[in-house]
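Visitor: I have a structure to look at and some questions about it. Can you take me through them one by one?

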Amino acid sequence: MKIGLKGINRARVGVTVALTAGAVLAGSGFASTAQAATPPTPSITAKGGFVMDNGTAKTLYGKAADTRRSTGSTTKIMTAKVVLAQKNLNLGTKVTVQKAYSDYIVSKTASSARLIVGDKVTVRQLLYGLMLPSGCDAAYALADTFGSGSTRAARVKSFIGKMNADAKGLGLKNTHFDSFDGIGSGSNYSTPRDLTKIASAAMKNSTFRGIVKTKSTKQKVTTKSGGYRYMSWSNTNAMLGSYTGMIGVKTGSGPTAKYCLVFAATRNGKTVIGTVLTSTSATTRTADAKKLLDYGFKK
């Protein structure tokens, strides 16, 4: 059987078309696979948000990441960081709870660790009281203890100065503190990016890491009469135990700050850390954080 040249050419064209079509189909398959590997950018309720890979410091997400906003009690991350950076720090040193700390809580209607005047609590316990129930009384006690000066006002001012010096040392240009707990006078602000960097630096300290991942604790403290009592504190971070790999860090809220959350989680050796500022409720800040963590782990 003879096949003419025209037949051979037609066969060649058919093979070429078939191969080309196969390549296109294969190519489109690869393209869709590549597209599927890139997760869609999440939409969050918070006015500001930022997420980075804690290991590489690579930015994974940003929304108004450098816009200055009130930070609420996420300020206390820096409070703890400054305390833990003190030279020759003894976490077992006992601090006597002063009436001024209790009066401050009442006057500001502030969140409290329920410290009792006259009790002697250790620095470590004050850090738990600071970071879990977000005790402004614990924050006051730490600022009073670790600031310098002959008066309480001077010591507090000194401590806040250390907070600002620490921020400057981290190279942060959009952060300023005018309080030890976030209840400021209008000049207490940071950004999602800056707060994330502060938290990332704080998480290098093993004591800090151990505290912020704790869901609840029961601490034995010495009473004024020399006896003892137990203080029970629960963490305000609802994501601990509800989000796989969650390791911290701190909630915040306030009339101006609204609802904030600095968060971190580790999965398969990768730690994602970030911040949401000015969300609309405790529920939405958690939802925002979950979206950003999910996105960060997929990036």
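Visitor: How many residues of helix α5 are buried?
Guide: This is a predicted model. Helix α5 spans residues 136-146. Its buried residues include Cys 136, Tyr 140, Leu 142 and Phe 146. The helix is mostly covered, and the buried count out of its eleven residues is ten.

Visitor: Which helices do the buried residues of α5 pack against?
Guide: Among the buried residues of α5 are Asp 137, Ala 141 and Asp 144. The buried residues of this helix pack against α2 (76-84), α3 (99-108), α4 (123-131) and α6 (152-169).

Visitor: Is α3 parallel or oblique to α5?
Guide: Two packed helices are described by the angle between their axes and the distance between the axes. Here the axes of α3 and α5 come within 9 Å and cross at roughly 140 degrees. Angles over 145 degrees would count as roughly antiparallel, and 65 to 115 as roughly perpendicular. The angle fits neither range, so α3 is, relative to α5, oblique.

Visitor: What is the handedness of the crossing, and which residues of α5 meet α3?
Guide: The crossing of α3 and α5 is right-handed. On the α3 side, the residues are Ala 100, Tyr 101, Tyr 104 and Ile 105. They meet, in α5, Cys 136, Asp 137, Tyr 140, Ala 141 and Asp 144.

Visitor: Which helix gives the most to the largest nonpolar core?
Guide: In soluble globular proteins, nonpolar side chains tend to be buried together. The largest nonpolar core here has 60 residues, and Ile 77, Leu 127, Met 131, Phe 208 and Val 249 touch the most other members. With eight residues, the top contributor to this core is α5.

Visitor: How many residues are in the second core?
Guide: This core is separate from the largest one. Its members include Tyr 61, Leu 240, Val 276 and Leu 292. Its residue count is 19.

Visitor: How many residues of α2 are buried?
Guide: Take α2, which is mostly covered. Its buried residues include Lys 76, Ile 77, Lys 81 and Leu 84. Out of nine residues, the buried count is nine.

Visitor: Is Thr 207 buried or exposed, and what does it contact?
Guide: Thr 207 sits in helix α8 (residues 206-212). Its relative accessible area is 18%, and buried means under 20%, so Thr 207 is buried. Leaving aside neighbours within four places in sequence, its contacts are Leu 84, Leu 91 and Arg 124.

Visitor: How many disulfides does the structure hold?
Guide: A disulfide is a covalent bond between the sulfur atoms of two cysteines. Cys 136 is buried, at 2% relative accessibility. Cys 260 is buried too, at 0%. The number of disulfides in the structure is zero.

Visitor: Which peptide bond is cis?
Guide: Look in strand β9 (residues 246-254), where Val 249 is found. The bond leading to Val 249 has omega near 25 degrees. This cis bond runs from Gly 248 to Val 249.

Visitor: Is Thr 109 buried or exposed?
Guide: Thr 109 lies in the loop between α3 and β5 (120-122). It has a positive phi of about 50 degrees although it is not a glycine. Its relative accessibility is 73%, and the cut-off is over 50%, so Thr 109 is exposed.

Visitor: What is the relative accessible area of Ala 64?
Guide: Ala 64 is in the loop between β2 (59-63) and β3 (69-70). Its phi is positive, about 45 degrees, although it is not a glycine. Ala 64 is partly exposed, and its relative accessible area is 33%.

Note on methods: Residues numbered from 1 in each chain as written. Predicted model: local features only at pLDDT ≥ 70, side-chain atom pairs only at ≥ 80, totals over all residues. Heavy atoms only, no water. Disulfide = S-S within 2.5 Å. Buried < 20%, exposed > 50% of the residue type's maximum accessible area, 1.4 Å probe, protein only. Helix = DSSP H or I, 4+ residues; strand = E, 2+ residues; numbered from the N terminus. Contact = heavy atoms within 4.5 Å. Core = buried A, V, L, I, M, F, W, Y, C linked by side-chain atoms within 4.5 Å. Axes fitted to C-alpha atoms, helices over the stretch in contact; angles between N-to-C directions. Parallel < 35°, antiparallel > 145°, perpendicular 65-115°, else oblique. Left-handed = near helix turned anticlockwise from the far one by under 90°.
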